[in-house]
Amino acid sequence: MKNLWKSADVLDFIERYKKYGEDVALRTYSARLIGQDSTLVLHGGGNTSVKSRVRDLSGESIEVIYMKGSGWDLSTIEPAGHPAIELAKLTQLRKLDKLSDEEMVNQLRIHLLDSSSPNPSVETLLHAFLPHKFIDHTHADAVLAITNQVDGEQKVRDWAQTKLGIVPYIMPGFALAKLAATMYEKNPEVEGLVLLKHGIFTFGATAEESYNRMVYWVGEAEKWLDSKPSFSYHTVIKNTSYDQSEVMNVMNILRGANTLSDETKKKTQPAQDPLQRMLCGFRSSSHILDFVNSREVLEFSQIGPATPDHVIRTKPKPVLIAHEALTNVDTFPSEVKKSIENFQSNYRNYFLRQCEKQGVIKKMLDPLPRIFLVPGMGCFAFAPTRKEVTIALDIYEHTIDVIQKALSVGTYQALPEKDIFDMEYWSLEQAKLGKSAEKAFSRKIVWISGAASGIGLATAIAFARLGAHLYLTDSNENFLQEALKHPDLKNCTKGLRCDVTQKKAVEESFIQCSLEFGGVDIVISNAGFAPTSPIAECTDELLRKSFEVNFFAHQNVAQAAVKIMKRQNIGGTLLFNASKSAFNPGPDFGPYTLPKVGVIGLMRQYAVELGTYGIRSNAVNADRVRTRLYSDNLLENRAASRGISVNEYLSGNLVAEEVYAEDVAEAFVYLARARKTTGAVIPVDGGNAAAFPR
Ligand code: NAD
């Protein structure tokens, strides 16, 4: 355990945040040190506080506690991430016998100094009831390995003797805050508190003292664990050589199977996806493989999370896929389906059992598993967004660490089912998942070719604004890197250079898209270029080149996409960028028009053959959109040949308005939502009677 404290950085923080005062600057500094270490806290986990004095509006000096606010991550926290609350109002709550969660949250909010602050952590009262100026709380892996034992309390004593107080497990909230204060008061000499199956608190008169104690005690826990002979799993699966395309196959199948159908949405909300689908991520390492390939995985993966607040990310248990299932490609999908059905039925029983035992009525959360362990391969995680998938993978990877460390000193034990249930169904915990932010394409994966410019780029931005996870490809690396910097594309986007005329490169891009997000839902085959030549004089070379890009490449894309869509078995959308010239050819545009006619045929063929798989196929016919397609003065020349200006040329349509790339993007968005439309062409050309589809 490395101590990261640096006096020079401390001075820098004090200077940088001087308007907030030294206490808050130091609080920010050491909170970040803690947040940077994933063996201490993960993604928004842990919390920190400092007690200080401020002057209120009337000039009176009052004591406050600056407490980590929910939604902030310790590794990047700013002063605003520790909102101030009037301390005396909180400490007096200790006199109460009971305080409901709702009232506790209310008390924290009404005594904030700034009403626009985020909600202070649910562990605020625990910090408030302890007398120390600085307090740090983490869920250190090493501490969990020692406390998650049948005889956890005894093991804590072996490791820390009486230097740390011990608090038995109860849910965070008012009761835990009171109990922790009582345990501290029994021995005020302690340097911190260990909360069994939960984590560790350290405290001190200064930020440095509290931080040093955290590093020291977690370091001691690691040394204590290292002093015991390390546990070696009994390996039962030896074959671990899988390539990326095999991992993709598994991801696609898992993703398709791990969905729920909401029949009500089919009728009442036509534009909404009736399937609750998620994104999938994959991780493997020697460490993960040791676990998933072992005999012990059967027992220890099914015990429960390392610390209860992980349950909202991982569900109580992962699905363990039988290795034999993986060895038979034909039966693998049905084996996966059975495993998920089994998980769901166990989950329903767990829910009903706990509701009955506790005499409560609650609404069951979705019963879909979040973690799959696949022997020989690794760990797969599910969540509504890519960021949350990473959180779930990180959490499970650390869980594997904790289990192995725990097994080296005893028998790993998680909390009883009741405590897991209480945490999973605690409204304050569910609030961390931020469900309200869902948009129309939030759980959808969109692959686009020619995405770095013109219509492709506008389409990427339109889908990104509606929450889609995007995989962008283009043959022009420079354009692509530039496009990926667009502010709307930063969070949900990956990109790869890919020339769509190269079948292998297209397939590789779909493998990478799957490994990134789990599969694909919507494919926009958009890349194209516009060669011109009188048809009678057109060289074979130019015509063939145009067919490669403007026809065969669309087939390359659709073929690769359909393989994934069929594997997922949850439908899909193919969208082609054709052209008005497919219906209404223009002079000298033969080399461009001919393959575009083919694209309309291709789109219809896919519609006819794949409707039964729920895969829809549609096209957009645009015209005269000012993009890089019109290079080398093509626009100017075409306008001049008609004796009109460029602007007149561009708005020479029935509605007399120029068509923009964003208008075409809108049509793609519409078609992606139009669940009952397939085999259709939408013109986006401002109206051109000669180009009406027929
Ligand atoms: P654009 O030139 O701005 O964008 C096309 C993109 O496709 C470029 O980024 C280019 O690098 C990429 N590309 C070209 N060949 C590729 C290949 N082999 N592999 C991968 N990427 C490749 O032009 P745009 O107008 O946005 O064109 C997009 C699509 O719209 C084309 O299919 C075009 O035929 C169609 N279209 C455009 C218009 C229009 O008026 N602009 C009208 C009808 C149809």
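**View 1. Strands β1 and β2 pair in the antiparallel sense.** In this predicted model, β1 covers residues 47-55 and β2 covers residues 61-67. Seven bridges join the two strands. One of the bridged pairs is Ser49 with Met67, the latter in β2. In general, strands of a sheet pair through backbone hydrogen bonds, and the sense is either parallel or antiparallel.

**View 2. Seven strands build an open sheet with mixed pairing.** The strand order is β3-β2-β1-β4-β7-β6-β5. At the edges stand β3 (84-86) and β5 (164-167). Each of these edge strands pairs on one side only. Ignoring direction, neighbouring strands of this sheet are turned by 25 degrees against each other on average.

**View 3. Helix α9 lies across strands β4, β5 and β7.** The helix spans residues 207-226. Among the strands it crosses, β4 covers 134-138 and β7 covers 199-204. Helix α9 runs at about 145 degrees to β7. Strand β5, also crossed by α9, is an edge strand of the sheet.

**View 4. Four strands make up another open sheet, again with mixed pairing.** The order here is β10-β13-β12-β11. Strands β10 (279-283) and β11 (319-320) each have a single partner strand, so one side of each is left without a neighbour in the sheet. Inside the order, β12 (residues 371-374) and β13 (residues 378-383) pair in the antiparallel sense. Four bridges connect β12 and β13. In one of them, Ile371 is matched with Ala381 of β13.

**View 5. Helices α10 and α17 meet the four-stranded sheet.** Helix α10 (residues 244-257) lies across β10, β12 and β13. The direction of α10 makes about 35 degrees with that of β13. Helix α17 (residues 386-409) packs on the sheet and touches β10, β12 and β13. For α17, the angle of about 35 degrees is taken with β10.

**View 6. The ligand sits among 28 surrounding residues.** The closest are Ser453, Asp474, Tyr592, Val625 and Thr627. By class, the shell holds 11 nonpolar, 11 polar and six charged residues.

**View 7. Backbone and side-chain atoms approach the polar atoms of the ligand.** A backbone N or O atom of Ser475 lies 3.2 Å from a ligand nitrogen atom. For Arg624, a backbone N or O atom is 3.2 Å from a ligand oxygen atom. Tyr630 uses its side chain: a polar atom there lies 3.3 Å from an oxygen atom of the ligand. Taken alone, the ligand exposes 820 Å², and the protein buries 93% of that. Two elements give two or more residues to the shell: α20 (454-465) and α24 (590-610).

Technical notes
Residues are numbered from 1 along each chain as its sequence is written. This is a predicted model: local features need pLDDT of at least 70, side-chain atom pairs count only at pLDDT 80 or more; totals for chains, interfaces and linings use all residues. Side-chain values use heavy atoms; hydrogens and water are left out. A residue is near a molecule or strand if one of its heavy atoms lies within 4 Å of it. A polar contact is a pair of N or O atoms within 3.5 Å; within protein, one must be able to donate a hydrogen and the other to accept it, and residues adjacent in sequence count only if both atoms are side-chain atoms. Accessible areas come from the Shrake-Rupley method with a 1.4 Å probe; for residues, only the protein chains shown count as cover. Ala, Val, Leu, Ile, Met, Phe, Trp, Tyr, Cys and Pro count as nonpolar, Asp, Glu, Lys and Arg as charged, and the others, Gly among them, as polar. Two strands pair if DSSP finds at least two bridges between them. Contact means heavy atoms within 4.5 Å. Axes are lines fitted to C-alpha atoms, for helices over the stretch in contact, and angles run from 0 to 180 degrees between N-to-C directions.
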